[in-house]
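Trainee: I would like a close look at a single part of this structure, together with whatever it packs against. Please explain the terms as you go.

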Amino acid sequence: MTRLYITLEITADAVLTLTPEQSHYLIKVLRLTAGSKINIFNQDAGEWSAEIIQPSSKTGIRVLEQIKKPHACNSLWLCFSPLKNDALVYLVEKATELGVTHLQPVLTERCNNSRINNERLQKNAIEASQQCERFDVPEVLPIQSLEKFLKCWNPEIPLIACIERRETQTIYEYLKKEQSINVGFLIGPEGGFSDAEQTLMKRYPFIKTVTLGTRILRAETAAAAVLSCYQAIKGDWKN
């Protein structure tokens, strides 16, 4: 069943007008017609069935019935040094599938991509949410320098910095003893965090450093690994 993320208020029997982009996808790409059924969703309303009543460049749909009720989500942040092209898209897609609620690009000394197209990444997150059947969509936040990001971070939320080649606790050991279900992960660039950046992190008691083992992982692999570990220990997979 085709799923669309809708920012409008969803209520029974409401008639909603889709965006031109959504209309093009349904009518021109999928070749749906009047009477065709789709599912629509957002975090506030949950998921609903709907039918197309007016196929056009601004397609009209009528909301039918609720399929799934909304539910609260843990606050799960992925803070990362931006990657290039396909690797960045992969990171956003997999982070969305693995339950991230906030995507925060962070400029670091060894960052190899300082230009972020937030609109494009937000679309990637929406598409991934539609595919993986989650109700909400991660928010892609404006890029910040590492120093400014750390100054603005909510100290009540543990920020877990994944640092290679460091004698410290493993991600598994840390998550098993951490009480909070709301956490953030900080992933560095391909070259890792600089010595100055690691010194900066030591100033903030909310930062907890962990290792991901003896192997050196690509940044997008590291992100998928820590999020999978989180879901297994504290999230969707623990039961």
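Mentor: What follows is a walk along one helix, its ends and its neighbours.

The model is predicted: local features need pLDDT of at least 70, and side-chain atom pairs count only at pLDDT 80 or more, while totals for chains, interfaces and linings use all residues. Residues are numbered from 1 along each chain as its sequence is written, and side-chain values use heavy atoms, with hydrogens and water left out.

We begin with the setting. The protein chain has 7 helices and 12 strands. Here helices (H or I, at least four residues) and strands (E, at least two) are DSSP runs, numbered from the N terminus. The C-alpha trace spans about 60 × 40 × 30 Å along its principal axes. Of the 239 residues, 51% count as buried. Buried means under 20% relative accessible area, exposed means over 50%, and partly exposed lies in between, with a 1.4 Å probe and protein chains only. A contact means heavy atoms within 4.5 Å. Among contacts between residues at least 6 apart in sequence, 72% join residues at least 24 apart.

The part to look at is helix H2, which covers residues 85-97. The expected span of a helix is 1.5 Å times one less than its number of residues. For the 13 residues of H2 that gives 18 Å, and the end C-alpha atoms are 19 Å apart, which agrees.

Now the two ends. Asn-85 is in helix H2, and its phi is near 45°, a positive value in a residue other than glycine. Most residues other than glycine have a negative phi. Asn-85 counts as exposed because its relative accessibility is 57%. Just after H2, Gly-99 takes a positive phi of about 90°.

Which residues of H2 are buried? They are Ala-87, Leu-88, Val-89, Leu-91, Val-92, Ala-95 and Thr-96. An α-helix has 3.6 residues a turn, so residues three or four places apart point the same way. The buried residues of H2 pack against strand E6 (76-80), strand E7 (102-107), helix H3 (118-132) and helix H7 (219-233). The two helices among these partners can be taken in turn.

Two packed helices are described by the angle between their axes and the distance between the axes. Axes are lines fitted to C-alpha atoms, for helices over the stretch in contact, and angles run from 0 to 180 degrees between N-to-C directions. Angles under 35 degrees count as roughly parallel, over 145 as roughly antiparallel, 65 to 115 as roughly perpendicular and the rest as oblique.

Take H3 as the first partner. The axes of H2 and H3 come within 9 Å and cross at roughly 40°. That angle makes H2 oblique to H3. The crossing of H2 and H3 is right-handed; a crossing is right-handed if the near helix is turned clockwise from the far one by less than a right angle, and left-handed if anticlockwise. On the H2 side, the contact is made by Leu-88, Val-89, Val-92, Glu-93, Thr-96 and Glu-97. On the H3 side, Arg-120, Leu-121, Asn-124, Ala-125, Ala-128, Ser-129 and Cys-132 take part. By class, the residues of this contact divide into 7 nonpolar, 3 polar and 3 charged. Ala, Val, Leu, Ile, Met, Phe, Trp, Tyr, Cys and Pro count as nonpolar, Asp, Glu, Lys and Arg as charged, and the others, Gly among them, as polar.

H3 itself has 15 residues and reaches 21 Å from its first C-alpha to its last, close to the 21 Å expected at 1.5 Å a residue. Its buried residues are Leu-121, Asn-124, Ala-125, Ala-128, Ser-129 and Gln-130. What covers these buried residues includes H2, strand E1 (3-5), strand E3 (37-42) and strand E8 (139-140).

The other helix is H7. The axes of H2 and H7 come within 9 Å and cross at roughly 5°. The two helices are therefore roughly parallel to each other. In this contact, Ala-87, Tyr-90, Leu-91 and Ala-95 of H2 meet Glu-220, Ala-223 and Leu-227 of H7. The contact of H2 with H7 has 6 nonpolar residues, no polar ones and 1 charged.

In summary, H2 is oblique to H3 and roughly parallel to H7, and its buried residues also pack against strands E6 and E7.
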